[in-house]
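Trainee: Before we use any of these terms at the bench, could we go through how each one is justified?

Mentor: Gladly; let us take them one at a time and set each value against its cut-off.

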Amino acid sequence: MIRPFVFGVAVDTEHFIGRQQEIENLSSNLIHGINTILIAPRRWGKTSLVNHVAENIHDKDVKIIHLDIFSCRNEYDFYNVFAAAILQQTSSRIEEWKQYAQEFLTRLVPKISFSAEPNQEYSISLGITPKTHTPEEILNLPEIIAEKNGWHLAICIDEFQQIGEFPESLSIQKRMRTVWQHQKNVSYCLYGSKKHMMSVLFQQKSKPFYKFGKMMYLNVIPTTEWIPYLQGRFKLEGKILPKDIAIRICDAVENHSSYVQELAYDTLLCTKGTETTDEDFAQAFRNLLDDNTALFTEKTERLTTYQLNFLRAILDDVHDGFSKSDIRDTYNLGSPTNIVRIKDALIEKEIIDITDKGVFFADPILMHWLRRKL
Ligand SMILES: Nc1ncnc2c1ncn2[C@@H]1O[C@H](COP(=O)(O)OP(=O)(O)OP(=O)(O)O)[C@@H](O)[C@H]1O
Ligand SMILES: [Mg+2]
């Protein structure tokens, strides 16, 4: 099956475009043992980038380990996922990781279950608890394995912002940093989807992970890179996408990676003739908004009147100066303290983002959808 466009899951091969500079920088960091913190808003392409870079590193002494800690709720959940990923991905056979487990993590009773996941033959659960192992033993596991085998391990941890939600998060972060910063054969690439949470973990001076590594901020993929991809994919389906409509697809979603692919797909479906018309594109855009209605309704239904008023101001192109009295009066925003509260709540809900140019919607399609409703 040829999929014309892919959205919502990490992309690679013919669906992965651009990011040349980021690929170079991240590859160098992983190969040279430099810790990296990758921050970008949701669905811009963090996971795709890290996967792509990892797949293209063919240095036999560098081993890349991937783990996704989205489902971890506390410190020991993390240690189980962390140790399992390291053991599994540094050994080629079940017997080998069992031997590793016994050698490096004594006192374990690991369980193996054969996995339903297509890219994984089996999964392991180690049963690590505070009674069996100290945090330091687990955090040091990669260094011991790397040293013993003469490897460099690059550990890529996706959805790292979860750490910020763990009970006693700060002391856990301190433990991690203390152990990790002394490792000579292991480096870390930490990335996650809540831009705000990631910034709190890595950009505040008082936090343990401050200056832990090189910060990378993803930008959007520029329109010039999208045009040939979009036109090429249409061509494979026997359709012609005029350049000006390719540009409008990018503009409509502010080059947000996942939405570019989704809107291009909707546009392809709406193209009944050989060549996409303006009306086809307009219909596709309406469809995109409609398809997101359930999601956006859920995201916005519990917003307070103040919060909605604040969003109305942004829709009117107000991006800063919210506490000036004329703006507060026009949009009924309450006191300056109230405005701080509104902003914090909307950032927390990932509805707005603060950039150096002011306050903006985090999601361009949510913005269009709200404009229709408010
Ligand atoms: N380099 C790329 N080339 C083309 N499309 C891309 C690229 N990167 C991302 N995308 C598009 O964005 C979507 C989301 O990508 P990905 O899952 O990598 O983002 P993410 O930032 O990890 O998302 P999340 O915040 O959900 O973790 C992909 O399904 C694809 O449609
Ligand atoms: Mg991701």
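Trainee: What makes the approach between V6 and an oxygen atom of ligand 1 a polar contact?

Mentor: Bear in mind that this is a predicted model. In it, a backbone N or O atom of V6 lies 2.5 Å from an oxygen atom of ligand 1, and since the cut-off for a pair of N or O atoms is within 3.5 Å, the pair is called a polar contact. V9 also brings a polar backbone atom to 2.4 Å from a ligand oxygen atom, whereas R43 uses a polar side-chain atom, which lies 2.4 Å from an oxygen atom of ligand 1.

Trainee: How much of the area that ligand 1 exposes when taken alone does the protein bury?

Mentor: Taken alone, ligand 1 exposes 630 Å², and the protein buries 96% of that. The surroundings comprise 23 residues, with V6, V9, R43, K46 and S48 as the closest, and by class they divide into 10 nonpolar, 9 polar and 4 charged. Helices α2 (46–55) and α11 (257–270) each supply at least two residues of this shell.

Trainee: Why is ligand 1 said to lie between domain 1 and domain 2?

Mentor: Because domain 1 (19–217) and domain 2 (223–291) both give residues to the shell around ligand 1, it lies between them. The C-alpha centres of these two domains are 37 Å apart, and the domain assignment also gives a domain 3, covering 295–373.

Trainee: Why is T36 called buried?

Mentor: T36 has a relative accessible area of 0%, and the term applies under 20%, so T36 is buried. The residue lies in strand β1, which covers residues 36–39, and beyond its neighbours within four places in sequence it is in contact with L26, N29, Y188, C189, L190, K214 and M216. A polar atom of the T36 side chain also lies 3.4 Å from the backbone oxygen of I34.

Trainee: Which residues of helix α14 are buried, and what covers them?

Mentor: In α14, which runs over residues 305–315, the buried residues are Q307, N309, F310, L311, A313, I314 and L315. Their cover includes the helices α15 (325–331), α16 (336–348) and α17 (364–373), together with the strands β8 (352–355) and β9 (358–361). As general background, an α-helix has 3.6 residues a turn, so residues three or four places apart point the same way.

Trainee: What phi does D317 take just after α14?

Mentor: D317 takes a positive phi of about 75° there.

Terms used: Residues numbered from 1 in each chain as written. Chains lettered and ligands numbered in written order. Predicted model: local features only at pLDDT ≥ 70, side-chain atom pairs only at ≥ 80, totals over all residues. Heavy atoms only, no water. Buried < 20%, exposed > 50% of the residue type's maximum accessible area, 1.4 Å probe, protein only. Helix = DSSP H or I, 4+ residues; strand = E, 2+ residues; numbered from the N terminus. Contact = heavy atoms within 4.5 Å. Near = heavy atom within 4 Å. Polar contact = N/O pair within 3.5 Å; in protein donor to acceptor, adjacent residues only side chain to side chain. Areas by Shrake-Rupley, 256 points an atom, 1.4 Å probe, with all protein chains shown as cover. Nonpolar A, V, L, I, M, F, W, Y, C, P; charged D, E, K, R; others polar. Domains from an automatic or database assignment.
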